[in-house]
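New to this one? Here is a quick tour of what sits inside, how some of the strands and helices pack, and where the backbone does something unusual.

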Amino acid sequence: MHPVVRGAGALGLAAVLATATAACESGSGTGAATSGPSTNTATSGTATASATASPSAGLPPLPASLTGQQLGWQPCPAPSTAQGGDGSAPGSPWECATLKAPLDYGKPDGQTIDLALIRAVATGTGGQPRIGSLIYNFGGPGGSGVVTLPALAKDYADLNARYDLVSFDPRGVGNSATVRCLDDAATDASAAVDGTPDDQAETTALDAANTGYTAACEKNSGTVLPHVDTVSAARDLDLMRQVLGDAKLHYFGISYGTELGGVYAHQYPGNVGHLVMDGVVDPTKDPEQSALGQTKGFQLALENYMKACAAQAGPSCPTGQGGDDGTRRITDLLASLDSAPLPTDGPRVLTQDLAVTGIAAALYNQNSWNALSVGLQEAMRGGTGTTLLALADAYSGRDQQGHYSNQSAANRAISCADDRSRYTATDVQGLLPTFRQASPVFGDFTAWGLTSCNGWPVQGSADLPEVSAPGSAPIVVIGNTGDPATPYEGAGAMARQLGAGVGVQVTLQGQGHGGYDSGNACLKQAVDQYLLADRVPAEGTTCT
């Protein structure tokens, strides 16, 4: 089963590949950087700032035991099973700590939860003064920042000169009030259920699997499920800001992390320092519209992959010359897998669902297009599914020992806590023609994923996230024209919703999910100047 995700459902894949980059061509911007307003930053770890008047101002104040807590930074242990990762500690310079936060911000003196944090202290390279902490969320929702930041840190080395690089496991994720649902064996069994039913019996089986999954989540994590919403996670960010000693929040959000950043800016517009959004979730689209946008985005990325494969490999490309013929070759493969899964080099088989997951996973990152070619070649000509299964497992947070991280469970819990919509099998059957027209490869899978919140024990909090942020400092919003998971149009929508003078859009004409880590020198320069020199890019800056 593949729930629709808001952004980087392949966070596990990014960490496994140790990169979330695409090998894009460096280019130059069409807009020059302009000086922006300076931001008030803290240069020590002791100063704190109270929240500016905001939509969160009506909440009870947090007790000093939380806002004044001291973090006990220690060398990081190896990641837990829930966090994922390769099982080894990140080593120097990484330090880990635990932040206490209210389970329910409406009852700040009540039960607390522990949030897992990681940091690399500013290096001071170049002799420039420390600005503060730069907090990352890499998306999902459900990705462990404690695992992902060290895996991708080389891309942020220049920023580490003046910022402590900080990330965290959001509430419900990894080691932070972990959402637990099925055990490993039951998760494997659930994944074996046909996620795109062809008849009533398969529809009944999918409904039963969803019901069983939901019941397991409620049984094992019922206390935290009402409190893993994005609004609460944004409040955690502001508590983090205070405890880390920053007068303003400096934040880098990727994929779902852009939604979290937008929700923060809405709640605390006066507390925004430097805020970057990359691979932007469209805040104006409901789950159905988002799923359809992703369907089109993945189809576009697949077509771009097929063109590149044909140009590089010619007749040996598994999708031939691409286009309709390439799409047909893939749909023929998927149709055959529906009734006859392929063997792999282990005891498991490659099912139709797992094949689509593996294909989608590879499209997040142009660096993994070669792996996609290998996987399709194996499946179409060799009759084996080993590589596509490995890609699917990385996407789903399953390691080689068969243990799952909690990213999929957290993804569902956070999404269902946020989104008010609940879609039934009947709803999806009415949507299928539109989704299939958008993509014969991905349409069924993204449409049926809409049912994952049906029957969830927690009512969703809103129809759409609120991200308007009047009075905020300028926020840089990056859109990649070839992004499959968060289509380019979402960046413009986010910039408009943030408000005039707040959202500043920057475009990368590239491939893959997100932009900063693509290797594009123009884009990196624009973002680095904003974060390090307080120079806001010109609206409409475009990098190629």
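What follows is a short briefing, grouped by topic.

First, some ground rules: this is a predicted model, so to speak of local features a pLDDT of at least 70 is needed, side-chain atom pairs count only at pLDDT 80 or more, and totals for chains, interfaces and linings use all residues. Residues are numbered from 1 along each chain as its sequence is written, and side-chain values use heavy atoms, with hydrogens and water left out.

**The nonpolar cores**

- A nonpolar core here is a set of buried Ala, Val, Leu, Ile, Met, Phe, Trp, Tyr and Cys residues joined through side-chain atoms within 4.5 Å; buried means under 20% relative accessible area, exposed over 50%, and partly exposed in between (1.4 Å probe, protein chains only).
- The largest core has 94 residues, and the members touching the most others are Ile135, Tyr136, Tyr156, Phe252, Ile475, Val477 and Leu531.
- Helix H7 (residues 230–244) supplies the largest share of this core, with 7 residues; helices (H or I, at least four residues) and strands (E, at least two) are DSSP runs, numbered from the N terminus.
- There is also a second, separate core of 36 residues, including Leu302, Cys317, Ile330 and Leu391.
- Leucine 531 has plenty to touch: Ile131, Leu134, Leu159, Tyr163, Phe252, His274 and Val276, leaving aside residues up to four places away in sequence (contact means heavy atoms within 4.5 Å).

**Strand S6 and its partners**

- How many of the 6 residues of S6 are buried? The count is 6 of 6, so to say, mostly covered.
- Both faces are covered: Tyr163, Leu165 and Ser167 are buried on one side, and Asp164, Val166 and Phe168 on the other.
- Strand S4 (residues 112–120) runs antiparallel to S6 and is joined to S6 by 4 bridges; two strands pair if DSSP finds at least two bridges between them.
- S5 runs parallel to S6, with 5 bridges joining them.
- Looking at single partners in S6, arginine 119 bridges to valine 166, while leucine 134 bridges to leucine 165.

**Helices H17 and H15**

- Helix H17 (residues 489–498) is largely enclosed by the rest of the structure, because 7 of its 10 residues are buried.
- Those buried residues are Gly490, Ala491, Gly492, Ala493, Met494, Ala495 and Leu498.
- They pack against H8, strand S8 (272–278), strand S11 (475–482) and strand S12 (503–511).
- Right after H17 comes glycine 499, with a positive phi near 120°.
- Over in helix H15 (residues 425–438) you'll find alanine 438, which is buried at a relative accessible area of 17%.
- Alanine 438 touches Leu292, Thr295, Lys296 and Gln299, again leaving out residues up to four places away in sequence.
- Alanine 438 and glutamine 294 are 144 residues apart in sequence, yet 9.6 Å apart in space, C-alpha to C-alpha.

**Backbone oddities**

- The peptide bond from serine 92 to proline 93 is cis, with omega near 10°, and proline 93 sits in the loop between strand S2 (74–75) and strand S3 (95–102).
- Another cis bond links glycine 140 to proline 141, with omega near -10°; proline 141 is in the loop between strand S5 (132–137) and helix H3 (145–152).
- Alanine 177 isn't a glycine, but has a positive phi of about 45°.
- Serine 255 isn't a glycine either, and its phi is positive at about 60°; serine 255 is buried, with a relative accessible area of 0%.
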